[in-house]
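Here are my notes on the model you sent. They go from the overall fold to single residues and charged pairs.

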Amino acid sequence: MTVCDNVAAFAALLPARGSLLALDVSKRRIGLAGTDQERRLATALLTFERAGAARDLERLGRAVRERQAVGLVVGLPLNMDDSEGPMAKAARAEADALASALGLPVLLQDERLSTFAVEDAIAEGRLPRPRKGQPVDHHAAAVILQDTLKALHQ
């Protein structure tokens, strides 16, 4: 399948209905968020520790089936000057692997301020304060997905 850098190209590959899954990918964890079938609401789902490419793919494939996902959104960690560093290149490689293995279109979505948005929401009381050491990657994935939904509905 195809990896897209813009929402219009991604939207052209999607059926009229079906959920999307967003991934906030790091070396240690993957945060997941999903939408409803009408793609109106982004919901933080879970964060899991990476366990190797095969096991990670198995787990993501299960989530795709359970959520009946028709597309994936992978956070692209661009630098503030719009350049791509090593983490962005790793996200691109991850997106390529997922598109190929899962047979779904993948959108690379700018995620520069997603963690800041989560920290801000926690500080303001819009999200519960996590226990010490508890990951919030799934909330960052929800921010990435919400940004995508806004762009899709413009």
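1. **Elements.** Helices and strands here are DSSP runs, with at least four residues for a helix and at least two for a strand, numbered from the N terminus. On that basis the protein has 5 helices and 6 strands. Their order from the N terminus is β-α-β-β-β-α-β-α-β-α-α. Keep in mind that this is a predicted model.

2. **Overall figures.** The protein has 154 residues, and 42% of them are buried. Take the contacts with a separation of 6 or more: 65% of these join residues 24 or more positions apart. The accessible surface is about 8,400 Å². Carbon and sulfur atoms contribute 52% of that surface.

3. **Strand β6 and its partners.** How much of β6 is covered? Of its 5 residues, 4 are buried, so-called "mostly covered". Strand β1 (residues 3–4) pairs with β6 in the parallel sense, over 2 bridges. Val3 has Val106 as its bridge partner in β6. β5 also pairs with β6 in the parallel sense, over 5 bridges. There, Val74 is bridged to Leu108 of β6. Between β5 and β6 the chain passes through helix α3 (residues 86–102), and this β-α-β crossover is right-handed.

4. **Leu76.** This residue belongs to strand β5 (residues 69–76). Leu76 has a relative accessibility of 5%, so it counts as buried. Its C-alpha is 4.9 Å from that of Asp110, although the two are 34 residues apart in sequence. Beyond its neighbours within four places, Leu76 contacts Glu84, Ala88, Ala91, Arg92, Leu108, Gln109, Asp110 and Glu111.

5. **Glu111.** Where does Glu111 sit? It lies in the loop between β6 (106–110) and α4 (114–123). Is this acidic side chain's residue buried or exposed? Glu111 is buried, because its relative accessible area is 13% and the cut-off for buried is under 20%. Setting aside residues up to four places away in sequence, Glu111 touches Asp24, Gly75, Leu76, Pro77 and Ile144.

6. **Arg29 and its two acidic partners.** The salt-bridge count comes to 7. Arg29 takes part in one with Glu49, at 4.0 Å from N to O. Arg29 is in strand β3 (residues 29–35) and Glu49 in strand β4 (residues 42–49), so this pair ties together parts 20 residues apart in sequence. Glu49 is partly exposed, at 47% relative accessible area. Arg29 also forms a salt bridge with Asp137, where the closest N and O atoms are 3.0 Å apart. Asp137 is in helix α5 (residues 137–152), so here the parts tied to strand β3 are 108 residues apart in sequence. Asp137 counts as buried, at 10% relative accessibility.

7. **Other charged pairs.** The side chains of Arg50 and Asp56 meet in a salt bridge, at 2.7 Å from N to O. Arg50 is partly exposed, with a relative accessible area of 25%. Asp56 counts as buried, at 4% relative accessibility. Asp5, Glu84 and Arg92 are joined into one network by salt bridges that share partners. Two members of that network, Glu84 and Arg92, are among the contacts of Leu76.

Notes:
Residues numbered from 1 in each chain as written. Predicted model: local features only at pLDDT ≥ 70, side-chain atom pairs only at ≥ 80, totals over all residues. Heavy atoms only, no water. Buried < 20%, exposed > 50% of the residue type's maximum accessible area, 1.4 Å probe, protein only. Contact = heavy atoms within 4.5 Å. Areas by Shrake-Rupley, 256 points an atom, 1.4 Å probe, with all protein chains shown as cover. Pairing = 2+ DSSP bridges. Right-handed = clockwise from strand over helix to strand, strands pointing away.
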